[in-house]
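Thanks for making the time. I will go through one structure and keep to what can be computed from the atoms.

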Amino acid sequence: SKYKEEIEVLFDHKDFAIINKRTGVAVQEWTSVPYKETLEYFTKEYIKKTNEQVFLVHRLYRDTSGCIIIAKNEEAQQKFVKMLKISDINKEYLTLVKGILKKPKGAINIPLEGRKNDIVHAMTFYEVSKTFPKSGVSLVKAKIKTGRMHKIRKHFAKRGYPVVMDNMYGDFKFNKEFQKATGLKRQFLHAAKIAFEYN
């Protein structure tokens, strides 16, 4: 059945699972996404075998791939929500950005709009893994502790190094040329690692 193709379980625990979400899959249903095409549905189908429930802990945007935590009971969900609130979950992303960064390692500290339209503190730590001068892009590791909306994409765009193939904050002309040259269409943002202590 279809859901098996969508689900890649990276780690399974009695209280939670860490799933590798592929790009293009929405976490939850919304106006243009029916429930049966969401990660929530695919995970429920996968977990059904052990009669467990699915509780969403956090989200990844549709075009972002990688690690996402799915809780199997309400208690675990509450625990993770608390951990996220106090920044006890470390997330590391891998992204390809336009340009060659002046500093190979550093932090982007630019306040961003919060969920209530207020301005909130936001920090992204980064380290350049590799540069591709011919293509004019850099492969970067980005670490965050709090998940502000579109934080990594906004931060790099504001610094003048937008995420390659980002159709919201990216460089439209550059993306078009990059796609033409490489044939690659997806947004280059992947949640590569997630780390926390659970007991």
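**Helix α2 and the rest of the fold**

In helix α2, the buried residues are L39, E40, Y41, F42, T43, E45 and I47. That is 7 of the 9 residues in a helix that runs from 39 to 47, so α2 is mostly covered. Before going further, please keep in mind that this is a predicted model.

Now the overall numbers. The protein has 5 helices and 11 strands. Of its 199 residues, 43% count as buried. The C-alpha trace spans about 50 × 35 × 30 Å along the principal axes. For 199 residues, a compact globule would have a radius of gyration near 16 Å, and the protein has 18 Å, which agrees. The accessible surface comes to about 11800 Å², and 52% of that belongs to carbon and sulfur atoms. On contacts: taking those between residues at least 6 apart in sequence, 60% join residues at least 24 apart.

Next, the strands. How many of the residues of strand β2 are buried? The count is 5 of the 6 in residues 16-21, so β2 is largely enclosed by the rest of the structure.

Strand β2 has pairings with β1 and with β4. With strand β1, residues 9-12, β2 runs antiparallel, and 3 bridges join them. The connection between β1 and β2 is a hairpin of 3 residues. One bridge in this pairing puts V9 with I19 of β2. With strand β4, residues 65-71, β2 is again antiparallel, and here there are 6 bridges. In that pairing K21 stands opposite G66 of β4.

That leaves the salt bridges. The structure holds 6 of them, and I will show three.

The pair K72 and D12 comes in at 2.6 Å, N to O, between the side chains. This pair links distant parts of the chain: K72 sits in the loop between β4 and α3, D12 sits in strand β1, and the two are 60 residues apart. Are these two buried or exposed? K72 has 8% relative accessibility, so K72 counts as buried. D12 has a relative accessible area of 41%, so D12 is partly exposed. The cut-off in use is that buried means under 20%, and exposed means over 50%.

The next pair is D166 and R153, whose side chains meet in a salt bridge at 3.0 Å, N to O. Where do they lie? D166 is in the loop between α4 and α5, and R153 is in helix α4, so the pair ties together parts that are 13 residues apart in sequence. Both D166 and R153 are buried.

Last on my list is K173 with E177, a salt bridge at 3.3 Å, N to O. Both residues belong to helix α5, and because they are 4 residues apart, about one helical turn separates them. K173 has 57% relative accessibility and so counts as exposed. E177, at 45%, counts as partly exposed.

To put the three side by side: K72 is buried while its partner D12 is partly exposed. D166 and R153 are both buried. In the α5 pair, K173 is exposed and E177 is partly exposed.

That is what I have. Questions are welcome.

Conventions:
Residues numbered from 1 in each chain as written. Predicted model: local features only at pLDDT ≥ 70, side-chain atom pairs only at ≥ 80, totals over all residues. Heavy atoms only, no water. Buried < 20%, exposed > 50% of the residue type's maximum accessible area, 1.4 Å probe, protein only. Pairing = 2+ DSSP bridges. Salt bridge = Lys/Arg side-chain N within 4 Å of Asp/Glu carboxyl O. Rg over C-alpha atoms; globule rule 2.2 N^0.38 Å. Contact = heavy atoms within 4.5 Å. Areas by Shrake-Rupley, 256 points an atom, 1.4 Å probe, with all protein chains shown as cover.
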